Amino acid sequence: MTVDVAPPGFSTTVEALRLRTWQLGPGQPTAVINQFSDIDFKVVVDDRADVHINSKDGRFYLGWFPTGRPGTEGEGWKIAVTGTARVPGYHVSFDTETPAQIVAAAVAAVLAASRPH
């Protein structure tokens, strides 16, 4: 009698796993910041080199904190939109290692959903 002994674990191939390369690392913040015009937004760089962008009406805010937002655990980006009397606003945060292209896509979606009064 012959016993077929398989090695422990499982066997597969790289092709079967469908491995991917994922975008990692913070990337270039200009992918986010370049979406804002001087006509509609005000950009301020503070003494920590953090960047703050506000809409002229004051309802949109984007903060970029390259070394982390003070008082948080590694928050690198903050998007906030102020609500109205009837509808609450919202905010979204990304950590310092979130690729800027991901943040840029979120910002583009927020800006595309806005419209002038």
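## Strand E3 and its partners

In this predicted model, Phe60 is found opposite Val81, a residue of strand E4. That contact across the sheet belongs to a wider pairing, in which E3 and E4 run in the antiparallel sense and are joined over five bridges. Another position in the pairing of these two strands is occupied by Trp64, which stands opposite Trp77 in E4.

On its other side, E3 meets strand E2, made up of residues 51-55, again in the antiparallel sense but over four bridges. Here His52 has Gly63 of E3 as its bridge partner, and Ile53 stands opposite Leu62 in E3. The two strands E2 and E3 form a hairpin with four residues between them, and in the turn Gly58 has a positive phi of about 80°.

## The sheet as a whole

These strands are part of an open sheet of five, arranged in the order E1-E2-E3-E4-E5 with antiparallel pairing. At the edges stand strand E1 (41-45) and strand E5 (90-95), and because each has a single partner strand, one side of each is left without a neighbour in the sheet. From one strand to the next the twist averages 10°. As background, the strands of a sheet pair through backbone hydrogen bonds, and this can happen in either a parallel or an antiparallel way.

Helix H3, which covers residues 100-112, packs on the sheet and touches E1, E3, E4 and E5, while its direction makes about 5° with that of E4. Strand E4 also pairs with E5 in the antiparallel sense, over six bridges, and within that pairing Ile79 stands opposite Val92 in E5. Strand E4 is mostly covered, since six of its seven residues are buried.

## The nonpolar core

Which residues have the most contacts inside the largest nonpolar core? This core has 17 residues, and those with the most contacts inside it are Val32, Phe36, Phe60, Leu62, Ile79 and Val107. At least two residues of the core are supplied by each of E2, E3, E4 and H3, and the largest share, six residues, comes from H3.

Val32 gives a picture of how such a residue is surrounded: leaving aside residues up to four places away in sequence, Val32 touches Leu62, Trp77, Ala100, Val103, Ala104 and Val107. One of these neighbours, Trp77, is counted as buried because its relative accessible area of 3% falls under the limit of 20%.

## Aromatic pairs

A search of the whole structure finds four aromatic pairs. In one of them, the rings of Phe36 and Phe60 have their centres 5.7 Å apart and their planes at 35°, so the pair is described as tilted. Phe36 lies in the loop between helix H2 (30-33) and E1, whereas Phe60 lies in strand E3, and the pair therefore ties together parts that are 24 residues apart in sequence. Both Phe36 and Phe60 are buried, and together with Phe41 these residues form one aromatic cluster.

Trp64 and Trp77 form an aromatic pair that is stacked, with 5.6 Å from centre to centre and 25° between the planes. This pair links distant parts of the chain, with Trp64 in strand E3 and Trp77 in strand E4, 13 residues apart.

## A loop residue at the surface

Is Thr67 buried or exposed? Thr67 lies in the loop between strand E3 (60-64) and strand E4 (75-81), and this residue is classed as exposed because its relative accessible area of 68% is over the limit of 50%. Not counting residues up to four places away in sequence, Thr67 touches Arg48 and Thr96.

The C-alpha atom of Thr67 is separated by 23 Å from that of Val81, a residue 14 places further along the chain. Val81 is also the residue of E4 that stands opposite Phe60.

Terms used. Residues are numbered from 1 along each chain as its sequence is written. This is a predicted model: local features need pLDDT of at least 70, side-chain atom pairs count only at pLDDT 80 or more; totals for chains, interfaces and linings use all residues. Side-chain values use heavy atoms; hydrogens and water are left out. Buried means under 20% relative accessible area, exposed over 50%, partly exposed in between (1.4 Å probe, protein chains only). Contact means heavy atoms within 4.5 Å. Two strands pair if DSSP finds at least two bridges between them. Axes are lines fitted to C-alpha atoms, for helices over the stretch in contact, and angles run from 0 to 180 degrees between N-to-C directions. A nonpolar core is a set of buried Ala, Val, Leu, Ile, Met, Phe, Trp, Tyr and Cys residues joined through side-chain atoms within 4.5 Å. Rings of Phe, Tyr and Trp (its six-membered ring) pair if their centres lie within 6.5 Å; planes under 30 degrees apart count as stacked, over 60 as edge-to-face and the rest as tilted.
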